[in-house]
Amino acid sequence: MNYQVTHTTAYTYKQAVSLCHNIARLIPRDTVNQVCKTVSVIISPQPDVVNEYLDFFGNKVMYFAVQEEHEKLTVTVSSEITRHPHSKELNENSNMPWEKIRQLVLLPSKDNFEARQFIAQTTMTAGNGSIEAFARQSFTDGRPVFEATLDLTKRIYAEFEFKPGFSTIATPVDEIIEARKGVCQDFAHLAIACLRSIGLPARYISGYIETLPPPGVVKLTGVDASHAWFAIYIPGVGWLDFDPTNNQVPDLQHITIGWGRDYADIAPLKGVILSSGKHKLDVSVDVKRVTSL
């Protein structure tokens, strides 16, 4: 599947900004199932300093600074992406009891070593007794790890209300599990907290999902949005993605930007400004399916 993705972020400031420093993680990375063929980044006002690099997790990062006075900052990233069908082959490890997978991750190997950094809790994925209890409803004794993770995904989808505006990115997962509502970032963090609470490695994935209109209805501009889901690591298989917001195993309609331990590692755009007063944020995402690139 071929896509053209346009992601525009606009900050409008109440008071003029004389200086801003920004970190953008908006350039989709290449994966085993995805190739980012071209990318264009347009920043207004034009930055005085730009530097691109890969972060610790291999995500594409752009640092830029605007050193002139401005009342609005706009960042538009346009990407051409080819998404291939899910290519990972499930094997006997996927049917192993999850307790056995927890033991296998501790064995010496490069892949296991890298995966173990995704076991420790973070501020955004801090577990507690209720989160572990919620996880163990799916991860019962001896249950196959893939089946248990799929069940956890299904339960979050069924038991939690998608409620934009209820939470912010700073809302802790213990509030999400108590309120039983949130958005995709919350559900990804909750699933990760559940998996880490029982010693399994899980990572946060930032990206996009193509939304499809009902049959016969023309898709509107701007209806797409940034999305988040999670992945679990199974030795001998690799990382497997799950989307609790949509109760799906992500495939052609999911486009990956990057990943980290939680949202903070892969926040789309963050920075500091020299100014006073409030600002307004507007974000627009368009994911357009095309015949060829």
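**Exercise 1. Strands β4 and β5**

Task: In this predicted model, find how many bridges join β4 to β5 and in which direction the two strands run.

Solution. Step 1: β4 and β5 are joined by six bridges, and the strands run antiparallel. Step 2: Individual bridges can be located by residue. Y53 has V61 in β5 as its bridge partner, and E52 is bridged to M62 in β5. Step 3: Look at the turn of this hairpin. Five residues lie between the strands, and G58 takes a positive phi near 85 degrees there.

**Exercise 2. The sheet around the hairpin**

Task: State the strand order of the open sheet that contains β4 and β5, and say which strands stand at its edges.

Solution. Step 1: The open sheet has four strands in the order β4-β5-β2-β13, with antiparallel pairing. Step 2: β4 and β13 (residues 269–274) each have a single partner strand, so each has one side without a neighbour in the sheet; these are the edge strands. Step 3: From one strand to the next, the twist averages 15 degrees. As background, strands of a sheet pair through backbone hydrogen bonds, either parallel or antiparallel.

**Exercise 3. A pair of rings and its extension**

Task: Classify the ring pair F56 and F57 from its distance and angle, then follow the contacts of F57 to another part of the chain.

Solution. Step 1: A pair of aromatic rings is described by the distance of the centres and the angle of the planes. Step 2: The model holds eleven aromatic pairs. For F56 and F57, the centres are 5.1 Å apart and the planes stand at 85 degrees, so the pair is edge-to-face; the cut-off for that class is over 60 degrees. Step 3: F57 also pairs with F118, at 5.7 Å centre to centre and with 45 degrees between the planes, which is a tilted pair. Step 4: Place the two residues in the chain. F57 is in the loop between β4 (49–54) and β5 (60–66), while F118 is in the loop between α2 (110–116) and α3 (129–138); they are 61 residues apart, and the pair links distant parts of the chain. Step 5: Compare with accessibility. F56 is exposed, at a relative accessible area of 67%. F57 counts as buried at 14%, and F118 is buried at 4%. Step 6: Ring pairs link F56, F57, F118, Y233 and W239 into a cluster.

**Exercise 4. The surroundings of R155**

Task: Decide whether R155 is buried or exposed, and list what its side chain meets.

Solution. Step 1: R155 is located in helix α4, which covers residues 145–159. Step 2: Its relative accessibility is 10%. The cut-off for buried is under 20%, so R155 counts as buried. Step 3: The side chains of R155 and S138 are joined by a polar contact of 2.7 Å. Step 4: The charged end of R155 sits over the ring of F134, at 4.0 Å from the ring centre. Step 5: Leaving aside residues up to four places away in sequence, R155 touches F134, Q137, S138 and F160. A further arginine placed over a ring is R29, which lies over the face of W259 at 3.8 Å from the ring centre.

**Exercise 5. The proline before β13**

Task: Where does P268 lie, and which residues does it touch?

Solution. Step 1: P268 is in the loop between β12 (254–260) and β13. Step 2: With a relative accessible area of 17%, P268 is buried. Step 3: Not counting residues up to four places away in sequence, P268 touches I23, A24, R25, L26 and Y263. Step 4: P268 and Y233 are 35 residues apart along the chain, and their C-alpha atoms are separated by 24 Å.

**Exercise 6. Backbone exceptions**

Task: What kind of peptide bond joins S44 and P45, and what is the phi of R180 and of N247?

Solution. Step 1: Most residues other than glycine have a negative phi, and most peptide bonds are trans. Step 2: The bond between S44 and P45 is cis, with omega about 0 degrees. P45 lies in the loop between β3 (34–44) and β4. Step 3: R180 has a positive phi, near 60 degrees. R180 lies in the loop between α5 (173–179) and β8 (181–182) and is partly exposed at 31% relative accessible area. Step 4: N247 has a positive phi near 55 degrees. N247 is in the loop between β11 (238–242) and β12, and is partly exposed at 34%.

Conventions
Residues are numbered from 1 along each chain as its sequence is written. This is a predicted model: local features need pLDDT of at least 70, side-chain atom pairs count only at pLDDT 80 or more; totals for chains, interfaces and linings use all residues. Side-chain values use heavy atoms; hydrogens and water are left out. Buried means under 20% relative accessible area, exposed over 50%, partly exposed in between (1.4 Å probe, protein chains only). A polar contact is a pair of N or O atoms within 3.5 Å; within protein, one must be able to donate a hydrogen and the other to accept it, and residues adjacent in sequence count only if both atoms are side-chain atoms. Contact means heavy atoms within 4.5 Å. Rings of Phe, Tyr and Trp (its six-membered ring) pair if their centres lie within 6.5 Å; planes under 30 degrees apart count as stacked, over 60 as edge-to-face and the rest as tilted. A charge sits over a ring if NZ of Lys or CZ of Arg is within 6 Å of the ring centre and within 35 degrees of the ring normal. Two strands pair if DSSP finds at least two bridges between them. Axes are lines fitted to C-alpha atoms, for helices over the stretch in contact, and angles run from 0 to 180 degrees between N-to-C directions.
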